[in-house]
Amino acid sequence: MSDNAEVFTMDRNLALEAVRVTEAAALAASRLMGRGDEKMADQAAVDAMRTALNNLEIDGTVVIGEGERDEAPMLFIGEKVGRGGTKIDIALDPLEGTTITAKGGQNALAVIALASEGGFLNAPDVYMDKIAVGGGLPQGIVDLDNSVAENLNNLAKEKGVEVADIVACILDRPRHADLIAQVRDAGARIMLISDGDVSGVIATSQPTSGVDIYMGSGGAPEGVLAAAALRCIGGQIQGRLLFRNDDEKARAKRWGITDLDKKYDIMGLAGGDVMFAATGVTNGAMLRGVRRYAGGATTHSIIMRSKTGTVRTVEATHDFTRKPSGD
Ligand SMILES: O=P(O)(O)OC[C@H]1O[C@](O)(COP(=O)(O)O)[C@@H](O)[C@@H]1O
Ligand SMILES: [Mn+2]
């Protein structure tokens, strides 16, 4: 983290501006819900998010984006966005849940997080092993280096419940077969999700979601975004990058990561002053999806800041007859 990040405070109004950015991406992606074309839905979200971002009075740098310049024509890592102003680092996922959207499933989001310069881990697009729990629990109650059973038992004890009452949210992937078996052996319950672990991690901090712990590997960029959300809403997350080959290791090194086995805590993933905004694309546990009707649409968003812990939900009505682009 740069020295700047320690002393720098983001303009709080920026949080309210950020929601326009996720609203625009969600509105665009939602038009393609259930159309079976992930790429088209993603591209629509990317285009809309980029246009909205470039309207903000910031000197923004995309730190977590759509990929490296050669593979992502827009919102690539290192891309400068905004009309000029405060220096801000940006982590974004214009469509978190491309497959969900293509199938019209649950919990697709348009997501952005802002940090003071240097706040985010420059995570390459590799997998990350993650563990997360909600707020109000003692620091270190779960740890990536503990066994699955140990984590579940400690969490149950702290929450004053049986292990059988604990629900672990895990991405439904063959790579998680062993993890799932260990959770079952420990006696806990499981909620398997098809995609969308930003939403899965945030669910740990929401009592109504029924999720107590998130476990397993997903995208590293999504780990950074989820950490930003938990910084604001409360909760703990740890992440460790997972590399499948030398090329992925080389990528990490290119972004200045020297210790490839490092276990990152929440501040290591998203430090300094952080803001997080998300708009529902499809219906989910936290947010309703975009609803479209003649001449307009409604969006449902959440915006939050680490500095104050204020969490706002914003319901917006968009009139396409007056604002055709929906931005
Ligand atoms: O599908 P994989 O390769 O297991 O990757 C998991 C990652 O993909 C997602 O499910 C969906 O992400 P995208 O829609 O942005 O591609 C993330 O939530 C998760 O971190
Ligand atoms: Mn994603």
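The following conversation introduces a predicted model, moving from the overall fold to its annotated sites.

Biologist: What is the secondary structure of the chain?

Modeller: This is a predicted model. The chain comes to 10 helices and 14 strands.

Biologist: What radius of gyration does the chain have, and what would a compact globule have?

Modeller: The chain has a radius of gyration of 19 Å. A compact globule with 327 residues would have one near 20 Å, so the two agree.

Biologist: What box do the C-alpha atoms fill?

Modeller: Along the principal axes, the C-alpha atoms fill a box of roughly 55 × 45 × 40 Å.

Biologist: How many of the residues count as buried?

Modeller: Of the 327 residues, 48% count as buried. As for contacts with a separation of 6 or more, 71% of them are between residues 24 or more positions apart.

Biologist: Turning to helices, what span should H8 have, and how far apart are its ends?

Modeller: Helix H8 covers residues 220-233, which makes 14 residues. At 1.5 Å a residue it should span 20 Å, and its end C-alpha atoms are 20 Å apart, so the expected span and the model agree. H8 is mostly covered, with 13 of its 14 residues buried.

Biologist: What comes just after H8?

Modeller: Gly234 comes just after H8 and takes a positive phi of about 100°.

Biologist: And how many residues of H2 are buried?

Modeller: In H2, 13 of the 18 residues are buried, which leaves this helix mostly covered. H2 runs over residues 13-30. Its expected span at 1.5 Å a residue is 26 Å, and its end C-alpha atoms are 26 Å apart, so the two agree.

Biologist: Now the annotations. Which residues does UniProt list together with Asp42 for "binding site"?

Modeller: An unreviewed UniProt entry lists Asp42 and Glu66 under that heading. They span 25 residues in sequence, yet their C-alpha atoms are not more than 9.8 Å apart, so they gather at one spot.

Biologist: Where does Asp42 lie, and is it buried or exposed?

Modeller: Asp42 lies in helix H3, which covers residues 38-53. Asp42 has 22 other C-beta atoms within 10 Å, and 20 or more are needed for a residue to be buried, so Asp42 is buried. Leaving aside neighbours within four places in sequence, Asp42 is in contact with Pro94, Leu95 and Thr98.

Biologist: Where is Glu66 found?

Modeller: Glu66 is found in the loop between strand E1 (58-64) and strand E2 (80-81). Glu66 also counts as buried, because it has 26 C-beta neighbours inside 10 Å. Beyond four places in sequence, the contacts of Glu66 are Val46, Ala72, Met74, Leu75 and Phe76.

Biologist: Which residues does UniProt list in the "binding site" annotation that includes Thr98?

Modeller: That annotation, also from an unreviewed UniProt entry, lists Glu96, Gly97, Thr98, Tyr127, Arg173, Pro174, Arg175, Asp195, Gly196, Asp197 and Gly219.

Biologist: Where does Gly97 lie, and which residues does it touch?

Modeller: Gly97 lies in the loop between strand E3 (86-96) and helix H4 (98-103). Not counting residues up to four places away in sequence, Gly97 touches Asn107, Ala108, Leu109, Asp195, Gly196 and Val281. Asp195 and Gly196 are also in the UniProt list with Gly97. Gly97 is buried because 30 other C-beta atoms lie within 10 Å.

Biologist: Where is the place of Thr98, and which residues is it in contact with?

Modeller: Thr98 is in helix H4. Thr98 is in contact with Glu38, Ala41 and Asp42, leaving aside its neighbours within four places in sequence. With 24 other C-beta atoms within 10 Å, Thr98 is buried.

Biologist: Which residues come nearest to ligand 1?

Modeller: Of the 14 residues around ligand 1, Thr98, Asp195, Gly218, Gly219 and Glu222 come nearest. The elements that give two or more residues to this shell are E3, helix H7 (197-203) and strand E8 (213-219). E3 gives the largest share, three residues.

Biologist: How many nonpolar, polar and charged residues does the shell have?

Modeller: The shell around ligand 1 has three nonpolar, five polar and six charged residues.

Biologist: One last residue: where is Ile58 found, and which residues is it in contact with?

Modeller: Ile58 is found in strand E1. Beyond its neighbours within four places in sequence, Ile58 is in contact with Gly82, Gly85, Thr86 and Ile88. Ile58 counts as buried, with 24 C-beta neighbours inside 10 Å.

Methods. Residues are numbered from 1 along each chain as its sequence is written. Chains are lettered from A and ligands numbered from 1 in the order in which they are written. This is a predicted model: local features need pLDDT of at least 70, side-chain atom pairs count only at pLDDT 80 or more; totals for chains, interfaces and linings use all residues. UniProt positions are given in the numbering used here, feature names are shortened, and annotations may be inferred rather than shown by experiment. Helices (H or I, at least four residues) and strands (E, at least two) are DSSP runs, numbered from the N terminus. A residue is buried if 20 or more other C-beta atoms lie within 10 Å of its own, exposed if 12 or fewer, and partly exposed in between; C-beta atoms are placed from the backbone. Two residues are in contact if their C-beta atoms, placed from the backbone, lie within 7 Å. A residue is near a molecule or strand if its C-beta atom, placed from the backbone, lies within 6 Å of it. Ala, Val, Leu, Ile, Met, Phe, Trp, Tyr, Cys and Pro count as nonpolar, Asp, Glu, Lys and Arg as charged, and the others, Gly among them, as polar. The radius of gyration is taken over C-alpha atoms; the globule rule is 2.2 Å times the number of residues to the power 0.38. The expected span of a helix is 1.5 Å times one less than its number of residues.
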